[in-house]
Amino acid sequence: MTGLRSAVRVLVMGWWLQLKIVAVNAFDGVLNIVYPLFFATTALLMYRQSGSPQALVYAALGAAVMGTWSAMATSASGALQSQRWQGTLELLVSSPTRMALAILPITAALATVALYSLVATLVWGRVVFGIEVPIVSPLAFGAALLVTLASLATFGFLLSVTVVRYRTGWALGNLLEYPGWLLCGFLVPMDLFPTWVQWIARALPPTWGMDAIRAAASGASPWRDIAVCGALGLGYAVLGTYLSERLLDSARRHGTLALT
Amino acid sequence: MSILEARDLRRSFTSTSGMLRRHRKETEAVKGVTFDIERGEVFGLLGPNGAGKTTTIKMLITLLLPTSGSASILGYDVVDDAREVRRRIGYVFGGDRGLYERLSALDNLRYFAELYAVPAREQKARIGELLELVGLSGREGERVEGFSRGMRQRLHIARGLLHDPDLLFLDEPSLGIDPVGARELRQTIASLRTQGKTILLTTHYMFEADELCDRIAVIRQGELVAEGTPAQLKQRVTAGSVLEIDTFGGVQDRLERVLAVPHVRSATVDVRAQAETLVVALDSGSDVTAAVLAALDGIPLGRVVAREPTLEDAYVELVSS
């Protein structure tokens, strides 16, 4: 019981302080909002040409979640690299806390920041493009958003643990950013892709999260998609926890924890 | 039982080079290091850059796996019982890094207190005590990015002591600190010593090691070349005497001639602002000042002083022999 309480305290305190680190930097904060808006604007300008209000709603929701994917894919792996640069990665590792408990709050804090960009993108679509996204089931919509963000945090966690072992592992996040836009069905329906691509897409939690968000907004039942999204997110968390210990052992063997 | 036992510790690193044809190169950074640290002792590990001090420490604090050999802390193996070892040690390194700059000193300490499982009800009092110890009381609410290097280093020490470790590793803690900051840091370490803390300290500053350490080991090119109390190490050269001669150019070319003088054990050049000081270690009872000066014939000379050897002389002789 004490161990569980201690783990929860590490997670909550880590999340809060890591959120503070991200939030106190005005430059980072502005970038986290402006960057997704730039891509959302591009998408909305394209979809506006169709003249279909439904298409614009589809794009507005997709662009909102797209920003959270970008924020997580690039920031999560970069966050651990920053820890290496500032010399705190070795201190996290040399503490008796399990590596997973030290890293997960970092990506959870980034997911929280991603929520800002999601809301900002929806407001941007409403104010600048006049897109009113109808939300038929607000409760289900909120649940879908939260589960999607939580699963994104665990996906980011899986990405970030590779940085513990590989000094250039942060590039993996950048590599996944644009393919993720397509694979997760943010802007293009998945039916347009070959079956094997759809299989890959179905292994990514945001694909299910995106479906759940759209379903909740339109009034359809999102719960199956929410459940699969949550389960996949949990699966990534378990895989990340397992890999974090294995990769940490490898990092100790190869001496890659330090900057040089 | 010793608090730390290291037996024949070795660590190699493999590096690769080349674009198309990859060449692998193996470097043995630590070549069979053996030593013990007793409870309540301040143990100094001295050596030049690249001698293997930090690699040795990183194996002991579980950040690196030894290639071979073994080490245990309070009976826990650093490879097999890494988590148990981590609970019992603190690690502080020198320089600017290792703190969350955008957080306050207090938040930094609170975070690491959680990571080291300091009970919530004890955290406030413990952090308060440590801030007092390192002289940062009243500054805990400020962000670390505004701290001087000396203040950061003292905060590092507070962080390393949060969980009241049995053994504290201080890896060049005075690196880059101004003399006043370094003095304050030494006072902090000295007060830890009087509290009975066991410390492994690495430093380049001999007076620091002389002042703080109960025992010292000198490491050179990955091997321990000497071990003993500061007095014992000094004795290695007190069997003789030291001659210091200020010169003004060209002394490097005459080193061979100086070393060829009978009863000269070693000769090194210490480059200072304008002069180069030749430091010559001599055998006991020998008076070869005239012969050494003759070997320097033709070079402008300044002050010539014969003196007792210091720990620094012992160190220089050990690492340069």
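**Notes on chain B and its contact with chain A**

1. A pairing to begin with: Glu244(B) stands opposite Val305(B) in strand β14 of chain B. Two strands count as paired if DSSP finds at least two bridges between them, and helices (H or I, at least four residues) and strands (E, at least two) are DSSP runs numbered from the N terminus. Please keep in mind that this is a predicted model, in which local features need pLDDT of at least 70 and side-chain atom pairs count only at pLDDT 80 or more, while totals for chains, interfaces and linings use all residues. Residues are numbered from 1 along each chain as its sequence is written, and chains are lettered from A and ligands numbered from 1 in the order in which they are written.

2. Staying with that sheet, Glu244(B) brings us to the pairing of β11(B) with β14(B), which run antiparallel and are joined by 5 bridges. With β13(B), β11(B) forms 8 bridges, again antiparallel. Within this second pairing, Val242(B) has Ala281(B) of β13(B) as its bridge partner. Strand β11 of chain B spans residues 240-247, and 6 of its 8 residues are buried, so it is largely enclosed by the rest of the structure. Here a residue is buried if 20 or more other C-beta atoms lie within 10 Å of its own, exposed if 12 or fewer, and partly exposed in between, with C-beta atoms placed from the backbone.

3. What is the strand order of the whole sheet? It is an open sheet of 4 strands, running β12-β13-β11-β14 in chain B with antiparallel pairing. The edges are held by β12 (264-271) and β14 (301-307), each with a single partner strand, so one side of each is left without a neighbour in the sheet. Direction ignored, neighbouring strands are turned by 15 degrees against each other on average. On the β12(B) side, the partner is β13(B) (residues 276-283), in an antiparallel pairing over 7 bridges. Thr268(B) has Val279(B) of β13(B) opposite it.

4. Stepping back to the chain, chain B holds 11 helices and 14 strands. Its C-alpha atoms fill a box of roughly 70 × 50 × 50 Å along the principal axes. Of its 321 residues, 42% are buried. Among contacts in chain B with a separation of 6 or more, 71% are between residues 24 or more positions apart; two residues are in contact if their C-beta atoms, placed from the backbone, lie within 7 Å.

5. Chain B is divided into domain 1 (4-228) and domain 2 (236-320), with bounds from an automatic or database domain assignment. The C-alpha centres of the two domains of chain B lie 35 Å apart. Their contact takes 10 residues from domain 1 and 7 residues from domain 2. On the domain 1 side, α7 (206-212), β9 (215-220) and β10 (223-228) each supply at least two residues, and α7(B) gives the most, with 3 residues. By class, that side has 7 nonpolar, 1 polar and 2 charged residues. For the classes, Ala, Val, Leu, Ile, Met, Phe, Trp, Tyr, Cys and Pro count as nonpolar, Asp, Glu, Lys and Arg as charged, and the others, Gly among them, as polar.

6. The contact between the chains takes 24 residues from chain B and 25 residues from chain A. On the chain B side, α2 (82-88) and α3 (105-115) each supply at least two residues. The largest share there, 5 residues, comes from α3(B). The chain B side divides into 13 nonpolar, 2 polar and 9 charged residues.

7. A residue worth a look is Phe13(B), in strand β1 (residues 4-17) of chain B. Is Phe13(B) buried or partly exposed? With 15 C-beta neighbours inside 10 Å, Phe13(B) counts as partly exposed. Leaving out residues up to four places away in sequence, Phe13(B) touches Gly255(A), Thr27(B) and Ala29(B). Phe13(B) and Thr67(B) are 54 residues apart in sequence, and their C-alpha atoms are 9.0 Å apart in space.

Definitions and conventions:
Axes are lines fitted to C-alpha atoms, for helices over the stretch in contact, and angles run from 0 to 180 degrees between N-to-C directions.
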